[in-house]
Amino acid sequence: MRYAVIEIGYNTVKMVIFEIIQDKLIRLHSQNEFVEITNCYVNDLLSNNGIINISTVIDEMQQTVKLLQCDKTICFATSSLRYIKNKDEIINIIEERNEITIDILTGTAEATTTFDGVNYEFKFQTNGIGCDIGDGSTQIFTFLGSDIQESISVPIGCIKLCNMFVSGILPRPSEMEEINTLIKDLFKEYSFLKEQKSRTLYLAGDTGLAMARLNMQITGQNEKLHGYTMKKQSIGIIIDTLRNKHLNGIGLMQRIMPERIHTIIPAMTQLAAICDIADIDEIIISRNGVKEGYLLNSYRQSKDKEKSCTANISI
């Protein structure tokens, strides 16, 4: 069965098309579209222009869905719509225009769903901790084997940090210190972060993928992103390298991830603070995350319904 998974993020709409064969996910196509909706928030309301931007991108993606003959399209939103006051109105408008159902994930649901996606990739057997630093929110979770233990979701992501603290293209050392202080103050009340015993953090989402690509470029490595491992100290080395290169550092980011020039250093500064709090030594990159987790849960629910219907017919 072929699924299209659309995620309405804080500043991008992302689509991945999967083929599911014998309960395995096979990635066929991915598409990310930048959507200027961060400038469309006014007093916790999304303007009509923001609604139009989202609807237009979804319409373009639906053309690809038809071209690739997908059997089903599922769509969800995260922090982009989670915290705004007129989300119900927005959902109604987009669902009517695009003939699509949109599910808004709570912060807790996003953390759990992200874990499901990461666990599908690594099939955990022991205890551990994972994280996803998004554009508009951050999710952290601990787990024991295939069971999530504790999780938190906060409405702070790399774009919000950039808007709050960064005055230029790259943050100054004083601005990075302000980010570090905010993150440590924000998470210090969550005792389970300090109490957890794992020294390895699994990092999901685009921040981790971008950081891995940067590190490989800087160190001359050529490895797969799946399961790419780096030391916590590498975060500071990447940041220093990008800052010391000045315009060459910006050029490097333009080649590798032009859409994250402004946000990758704030994101890595946040990650370093989280690693300090949780006493992390090592970071493992997960290509899978919330989209894969959401698809897996939707697919399993569909199979359960089919089994239930078959059982009722037999009775």
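What follows is a walk through a predicted model, from its largest pocket to one of its helices and then to its aromatic rings.

The largest pocket has a volume of about 1,100 Å³, and 47 residues line it, with Thr 12, Lys 14, Asn 32, Asp 206 and Arg 260 lying nearest its centre. Several elements contribute to this lining: strands β2 (12-21), β3 (24-34) and β8 (127-133), together with helices α5 (158-165), α8 (206-219) and α12, each supply at least two residues. Among the contributors to the lining of the largest pocket, β3 gives the most, with five residues. In chemical character, the lining of the largest pocket divides into 19 polar, 15 charged and 13 nonpolar residues.

Helix α1, which covers residues 48-67, has 20 residues and reaches 29 Å from its first C-alpha to its last, close to the 28 Å expected at 1.5 Å a residue. The buried residues of α1 include the aliphatic side chains of Ile 51, Ile 54, Val 57, Ile 58 and Val 65, but Gly 50, Ser 55, Met 61, Gln 62 and Thr 64 are buried in this helix as well. After α1 comes Gln 69, whose phi is positive, near 55°.

Helix α12, already met as a contributor to the lining of the largest pocket, also carries Arg 300. Because its relative accessible area is 42%, Arg 300 counts as partly exposed, a class that lies between the limits of 20% for buried and 50% for exposed. Arg 300 and Asp 23 are 277 residues apart in sequence, yet their C-alpha atoms are 9.1 Å apart in space.

The aromatic rings offer another view of the fold. A pair of aromatic rings is described by the distance of the centres and the angle of the planes. With centres required to lie within 6.5 Å, the model has 13 aromatic pairs. One of them joins Tyr 3 and Tyr 299 in an edge-to-face arrangement, at 6.3 Å centre to centre and with 90° between the planes. This pair links distant parts of the chain, since Tyr 3 belongs to strand β1 (residues 2-8) and Tyr 299 to helix α12 (residues 290-314), 296 residues apart. Both Tyr 3 and Tyr 299 are buried.

Elsewhere, ring pairs link Phe 115, Phe 122, Phe 124, Phe 141, Phe 143 and Tyr 202 into a cluster. A contact of another kind involves Lys 123, which lies over the face of Tyr 120 at 5.1 Å from the ring centre.

Notes: Residues are numbered from 1 along each chain as its sequence is written. This is a predicted model: local features need pLDDT of at least 70, side-chain atom pairs count only at pLDDT 80 or more; totals for chains, interfaces and linings use all residues. Side-chain values use heavy atoms; hydrogens and water are left out. Rings of Phe, Tyr and Trp (its six-membered ring) pair if their centres lie within 6.5 Å; planes under 30 degrees apart count as stacked, over 60 as edge-to-face and the rest as tilted. Helices (H or I, at least four residues) and strands (E, at least two) are DSSP runs, numbered from the N terminus. Buried means under 20% relative accessible area, exposed over 50%, partly exposed in between (1.4 Å probe, protein chains only). A charge sits over a ring if NZ of Lys or CZ of Arg is within 6 Å of the ring centre and within 35 degrees of the ring normal. On a 1 Å grid over the protein atoms alone, a cavity is a set of points where a 1.4 Å probe fits but cannot get out, and a pocket is an open set with protein on both sides within 12 Å along at least five of seven lines; lining residues have an atom within 4 Å of a point. Grid points are joined across faces, edges and corners, and a volume is the space filled by probe spheres set on the points. Ala, Val, Leu, Ile, Met, Phe, Trp, Tyr, Cys and Pro count as nonpolar, Asp, Glu, Lys and Arg as charged, and the others, Gly among them, as polar. The expected span of a helix is 1.5 Å times one less than its number of residues.
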